[in-house]
Amino acid sequence: MTIRHTRRVFLSAATVMAAALAATACGSPQDTASGGGDAAPVKVGLVYSQSGPLASYGKQYIEGFKAGLDFATKGTGKVGDRKIELTEVDDAGDPAKAVSAAKDLIGKGTKIIAGSTSSGVALQVAPIAAQNKVLFISGPAATDAVTGANKYTFRSGRQSYQDVVTAKSFIGDAAGKKVVVFAQDGAFGDANEAAVKAVIGGAGATVSSVRAPASATECTPFASQIKAAKPDLLFVAWAGTTAPAMWQTLDQQGVLSSTTVVTGLDIRASWPTFGAAGSKISFLSHYFDGASDTEAAKAAKAKIPGGTLDLFHPDGFAAAQMVVRAVQEGGDDVDKMIKALEGWQFDGVKGKMTIRAEDHALLQPMYQAKLSGSGTAFTAAAQKTLTGDESAPPVAQMKG
């Protein structure tokens, strides 16, 4: 487990002792909690993937967080007189490591935990937050189960339901339409098929699936099954190194020209895997550079290394905005932090964001996108923006 501390002010031991004595002699506990005098820093633990399979997502998250903290504190890194002290911990995408890190941070007095690049991690950290009565702001983890997990758990990114609603928007009224899910066998494929059946099937479409072994390298038989089904919409959920060959086969077999094919737009580094098929696919998108032109997006671009925003920069940025809001309104009182976040509307990188009070879902814009170009020189453009209300998931019952 790798731990990295970030502080913007370095004090000598003598200075720290003097500040502590002054606070004890002249101030009340509330003075210290709310920023009176030389107040103690606000400890924020960021538990996310610095390594492991989702390290590229984690890198974007932390870059976005630091840009968002700069934006929300107007460059001071402070809320009132209190510094935001970050402790970064690498969970490597391992729930056990994340739980251990969260417990260690909480034991050291940390009342705000953020991060969770992986859905598996988020689902394990959320109960720890409730048990210890600390604020938890999950990050890129998309599982719907984070929404409504407990009153201490929030999210700074989108959830799977919002992805599937965006996919549904490509066919308009789903009643009477035929939808095929093309996915690999396994939990990832199961989850996507279930989501499409719930969201698009629930709106009146007939949903079937074509499933392939995760090890499949020859996709021609599956392309033939898809064409024979004559769907109005093909939803593709595919991961791994066989993706380029899969897309090439769908293109060569005429699938991409015979129906509307929708899949999620991943980080920019993945775009070349679509090859010549890239310009023929309709993409649902959480975010890509240029999808919005908000003040927050401009601020993020100015701070992000390279100046190009990517898929998970908004999640980190929003998390920092939420942390600052929680501390501004709640001090060290977690119950007050929760009340300050519930129902809060703010302008994030993507635009208008709303934290739904009933279950802590984060309502936000989502995008239809198209790619143009070829090779490694693809460019994404928004075809349509869905508002937070248009992509909102149903209200989940708060579990605790």
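1. Gly-148 is buried, with a relative accessible area of 1%. In this predicted model, Gly-148 is found in the loop between S6 and S7. Neighbours within four places in sequence aside, Gly-148 is in contact with Asp-359, Gln-397, Met-398 and Lys-399. Gly-148 and Gly-400 are separated by 252 residues in sequence, yet their C-alpha atoms are 8.0 Å apart in space.

2. Thr-143 has its place in the loop between strand S6 (135–138) and strand S7 (153–155). Thr-143 has a relative accessible area of 18% and is buried, because the cut-off for that label is under 20%. Residues up to four places away in sequence not counted, Thr-143 touches Ser-119, Leu-123, Arg-155, Gln-159 and Ser-160.

3. Ser-138 lies in strand S6. Its relative accessibility is 0%, so Ser-138 counts as buried. Setting aside residues up to four places away in sequence, Ser-138 touches Gly-115, Ser-116, Ala-122, Val-146, Phe-154, Arg-155, Ser-156 and Gly-157. For one of these, Ser-156, the C-alpha to C-alpha distance from Ser-138 is 6.1 Å, with the two positions 18 residues apart in sequence numbering.

4. Ser-116, one of the residues that Ser-138 touches, deserves a look at its backbone. Phi of Ser-116 is near 60 degrees, a positive value in a residue other than glycine. Ser-116 is found in the loop between strand S5 (112–115) and helix H5 (119–132). At 1% relative accessibility, this serine counts as buried.

5. His-360 also calls for a backbone check. Phi of His-360 is near 70 degrees, which is positive in a residue other than glycine. His-360 lies in the loop between strand S14 (352–355) and strand S15 (362–363). The relative accessible area of His-360 is 2%, so the residue is buried.

6. Which residues have the most contacts inside the largest nonpolar core? They are Val-44, Leu-46, Phe-65 and Leu-135, in a core of 51 residues. Helix H12 (residues 313–330) gives the largest share of this core, eight residues. Apart from it lies another core, of 41 residues, which includes Ile-226, Trp-271, Ala-296 and Ala-297.

7. Leu-46 can be followed further. Not counting residues up to four places away in sequence, Leu-46 touches Tyr-61, Ile-62, Phe-65, Leu-86, Thr-87, Glu-88, Val-89 and Ala-114. Among these, Phe-65 is listed with Leu-46 for the most contacts inside the largest nonpolar core.

8. H3 and H12 pack with their axes 6 Å apart, at an angle of about 40 degrees. That angle makes H3 oblique to H12, because angles under 35 degrees count as roughly parallel and 65 to 115 as roughly perpendicular. H3 passes H12 in a right-handed crossing. From H3, the residues that meet H12 include Tyr-61, Gly-64, Phe-65, Gly-68 and Phe-71. From H12, those that meet H3 include Gly-316, Phe-317, Ala-320, Val-323 and Val-324.

9. Helix H3 (residues 55–72) also packs with helix H11 (residues 295–303), at an angle of about 120 degrees and with the axes 9 Å apart. This makes H3 oblique to H11. The crossing of H3 and H11 is right-handed. Ala-67, Asp-70 and Phe-71 in H3 meet Glu-295, Ala-296, Ala-299, Ala-300 and Lys-303 in H11. Ala-67 and Phe-71 are also listed among the H3 residues that meet H12.

10. How do helix H6 and helix H7 pack, and at what angle? The angle between H6 (residues 160–168) and H7 (residues 187–199) is about 60 degrees, and their axes are 10 Å apart. H6 is therefore oblique to H7. The crossing of H6 and H7 is right-handed. Tyr-161, Val-164, Val-165 and Lys-168 of H6 make the contact with Ala-195, Val-196 and Val-199 of H7.

11. On annotation, an unreviewed UniProt entry gives "domain: Leucine-binding protein" for residues 41–373. In the model, the span 41–373 is 38% helix and 22% strand. The C-alpha atoms at the two ends of this span lie 48 Å apart.

Notes
Residues are numbered from 1 along each chain as its sequence is written. This is a predicted model: local features need pLDDT of at least 70, side-chain atom pairs count only at pLDDT 80 or more; totals for chains, interfaces and linings use all residues. Side-chain values use heavy atoms; hydrogens and water are left out. A nonpolar core is a set of buried Ala, Val, Leu, Ile, Met, Phe, Trp, Tyr and Cys residues joined through side-chain atoms within 4.5 Å. Buried means under 20% relative accessible area, exposed over 50%, partly exposed in between (1.4 Å probe, protein chains only). Helices (H or I, at least four residues) and strands (E, at least two) are DSSP runs, numbered from the N terminus. Contact means heavy atoms within 4.5 Å. UniProt positions are given in the numbering used here, feature names are shortened, and annotations may be inferred rather than shown by experiment. Axes are lines fitted to C-alpha atoms, for helices over the stretch in contact, and angles run from 0 to 180 degrees between N-to-C directions. Angles under 35 degrees count as roughly parallel, over 145 as roughly antiparallel, 65 to 115 as roughly perpendicular and the rest as oblique. A crossing is left-handed if the near helix is turned anticlockwise from the far one by less than a right angle, and right-handed if clockwise.
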